[in-house]
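User: I am new to this structure and would like a close look at one part of it, namely its aromatic ring pairs and the places around them. Please take me through that part slowly, in connected prose.

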Amino acid sequence: MACLFCFYSNVAAQDILSIPQSKAHDLALNMQWTEARSLVKDNNAYSIYITSLCNTLELLINEDKRLVEPYELIFDKQLAYLDSQPVSAEVLFAQAELHLQLAFVYLKFEREFDGAFKLRKAYQLAARGRKKYPNFLPMLKSHGLLQILLGAVPEKYNWVLRMMNMEGSTQTGLAELQLLSNSNTFTNTEASIFLALIHGYVRQEPMIAKTYITQLIDENSSKDIISFVGATLALKNNNAEESLALLKTLTPDDLPAIDYLTGEALLYKGDYETAIKSFQQYIKHFKGNSFLKDAQFKTGICYQLQNNQTKAIEHYDLARAISHENTEADKYANRVLNSTDGINSKLTKIRFLTDGGYYDEARQAAQQISPSDIPSIKEQVEYYYRQGRLAHLSGKANAARLFYEQVIDMSGDPDTSEWYFAPNACLQLGYLKKQTDDTSAAKRYFTQAIAYKKHEYKNSIDAKAKAALSQLKTLK
């Protein structure tokens, strides 16, 4: 890696965008897409790339189905123009990026076959660009990201990659994005954002992710996409206060996703009344389907935690009426809503306080639970799981291990258990063992996490476990 960086530092291009393109790129990352597009109406490869970036971000974040067809026509027109141009590093970069961006859009809107086809085309173009123009750094963005995506594909699907003549390496992809992040090209910010997301969500390395976001915020005071990503990572990594602080800095007033994230952070904090308002704003204004069921479900939870059972039932019924479940949060909401177990208010309160990083308040709530409050086996398993998460996040590793092991023992056979508590307990035990360099035990727990078949968080837990197993291989 050091040798690569020394080599590339001598050949790295300076910023190669024109002044309007540079301003448009900044506006795109500031989520001011209309203004950005107005500055790059020509057919230059970088102008096409920036326009496509605007369209992609808008579709992925707002999910407005009405825009899919007109933006798809723009994608097709831009790709046709690029295909007619002489081959160059810039043209190959733009082609690879447009195919990759369109793949993300298709996958977001559940057009898996179209998405897979575009992903393969992006892979071919990025590989060609890396081979033909090895010193052209912007290509590292698309090539590196594809290496990470393909490297994370479960082993049972490797035959698909072989059939499509594709292969990936997480380590190669990370090295390429890191190299690009440290360069002085116009794509370095995007590379750093991807690195933050990968370390935060896939590799479960929240402090590394936070380092990237903090540095990006310090260096780019006007890029709202950075604060938006930082807010999602802070919320995911048990820091609702930091998430709320970042969300308050965002300037766009037409992004319902901000309302959803704000609602989540306020729910974690225990500000149920304001959380309800944020969730309802999201439901009212969001044009897509993602998290709508979850937002209604969590509105119901807010009312339940306020002891307003009538309003809670009303919103649980509204959540049941929403059929779309394309996110794990929506799937979890659906499973709980259609279960006969009901929602245990005391356990739920501990969960959200812990998720928000309010550990003292969560500990106080846990101390108020008596055996009569958790009569069912599921509630007892969840109680130990919540205690394990609280101990783990509070830095009490030994106590966390005991709680996690109790959860696994009580949950039963991986083939029949339908709760996510045991697989996530296995995942967390794997991380704890990895920290103590007990590679054999870590591998065993990560493998065991994947063995659970039926829980609602299988995709994300399996992805994290597989990424961790991949990391273990590099440590040998």
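Analyst: What follows begins with the aromatic pairs and then moves outward to the helices, loops and core around them. The model is a predicted one, and the description below should be read with that in mind.

The count of aromatic pairs comes to 21. One of them is formed by Tyr-46 and Phe-93, whose ring centres are 6.4 Å apart and whose planes meet at 55°, so the pair is tilted. This pair links distant parts of the chain, since Tyr-46 belongs to helix H4 (residues 45–62) and Phe-93 to helix H6 (residues 89–108), with the two positions 47 residues apart in sequence. Tyr-46 has a relative accessible area of 6% and is therefore buried, and Phe-93, with a relative accessible area of 0%, is buried as well. Tyr-46 and Phe-93 also belong to a cluster linked by ring pairs, in which Tyr-49, Phe-136 and Phe-186 take part too.

Helix H6, which carries Phe-93, also holds His-99. His-99 is buried because its relative accessible area is 7%, below the 20% that marks the limit for a buried residue. The side chain of His-99 is joined to that of Lys-118 by a polar contact of 3.4 Å. Leaving aside residues up to four places away in sequence, His-99 touches Leu-79, Lys-118, Lys-121, Ala-122 and Leu-125.

Helix H4, which carries Tyr-46, is followed by a loop that leads to helix H5 (68–83), and Glu-63 has its place in that loop. Glu-63 is not a glycine, yet it has a positive phi of about 55°. With a relative accessibility of 5%, Glu-63 counts as buried. Asn-307, another residue other than glycine, has a positive phi near 65°, and it lies in the loop between helix H17 (292–305) and helix H18 (309–320). Asn-307 counts as exposed, at 72% relative accessibility, whereas Glu-63 counts as buried.

A further aromatic pair is made by Tyr-420 and Tyr-457. At 16% relative accessibility Tyr-457 counts as buried, and so does Tyr-420, at 7%. The two form an edge-to-face pair, with 4.9 Å from centre to centre and 85° between the planes. Here too the pair links distant parts of the chain, because the two residues are 37 apart: Tyr-420 sits in the loop between helix H23 (397–411) and helix H24 (421–435), while Tyr-457 sits in the loop between helix H25 (439–451) and helix H26 (458–475).

Helix H24 deserves a word of its own. It has 15 residues and reaches 21 Å from its first C-alpha to its last, close to the 21 Å expected at 1.5 Å a residue. H24 is mostly covered, with 13 of its 15 residues buried. Just after this helix, Asp-437 takes a positive phi of about 65°.

Rings in this model also meet charged groups. The charged end of Arg-444 sits over the ring of Tyr-445, at 5.3 Å from its centre. In a second case, the charged end of Lys-236 sits over the ring of Tyr-201, at 5.8 Å from the ring centre.

The wider setting includes the largest nonpolar core, which has 134 residues, and within it Met-31, Ile-225, Phe-228, Leu-267, Phe-297 and Phe-446 touch the most other members. Taking Phe-228 alone, and not counting residues up to four places away in sequence, its contacts are Met-31, Leu-250, Ala-257, Ile-258 and Leu-261. Apart from this core lies another, of 10 residues, which includes Ile-48, Val-91, Leu-102 and Tyr-106.

Two buried positions complete the tour. Gly-263 lies in helix H15 (residues 256–269) and counts as buried, at 0% relative accessibility. Gly-263 touches Ala-275, Ser-278 and Phe-279, with residues up to four places away in sequence left out, and its C-alpha is 10.0 Å from that of Cys-302, a residue 39 places apart from it in sequence. Thr-185 lies in the loop between helix H10 (170–181) and helix H11 (188–202), and it is buried, with a relative accessible area of 3%. The side chain of Thr-185 makes a polar contact of 3.1 Å with the side chain of Ser-183.

Note on methods
Residues numbered from 1 in each chain as written. Predicted model: local features only at pLDDT ≥ 70, side-chain atom pairs only at ≥ 80, totals over all residues. Heavy atoms only, no water. Core = buried A, V, L, I, M, F, W, Y, C linked by side-chain atoms within 4.5 Å. Buried < 20%, exposed > 50% of the residue type's maximum accessible area, 1.4 Å probe, protein only. Contact = heavy atoms within 4.5 Å. Helix = DSSP H or I, 4+ residues; strand = E, 2+ residues; numbered from the N terminus. Polar contact = N/O pair within 3.5 Å; in protein donor to acceptor, adjacent residues only side chain to side chain. Phe/Tyr/Trp six-rings, centres within 6.5 Å; stacked < 30°, edge-to-face > 60°. Lys NZ or Arg CZ within 6 Å of the ring centre and 35° of its normal. Expected span 1.5 Å × (residues − 1).
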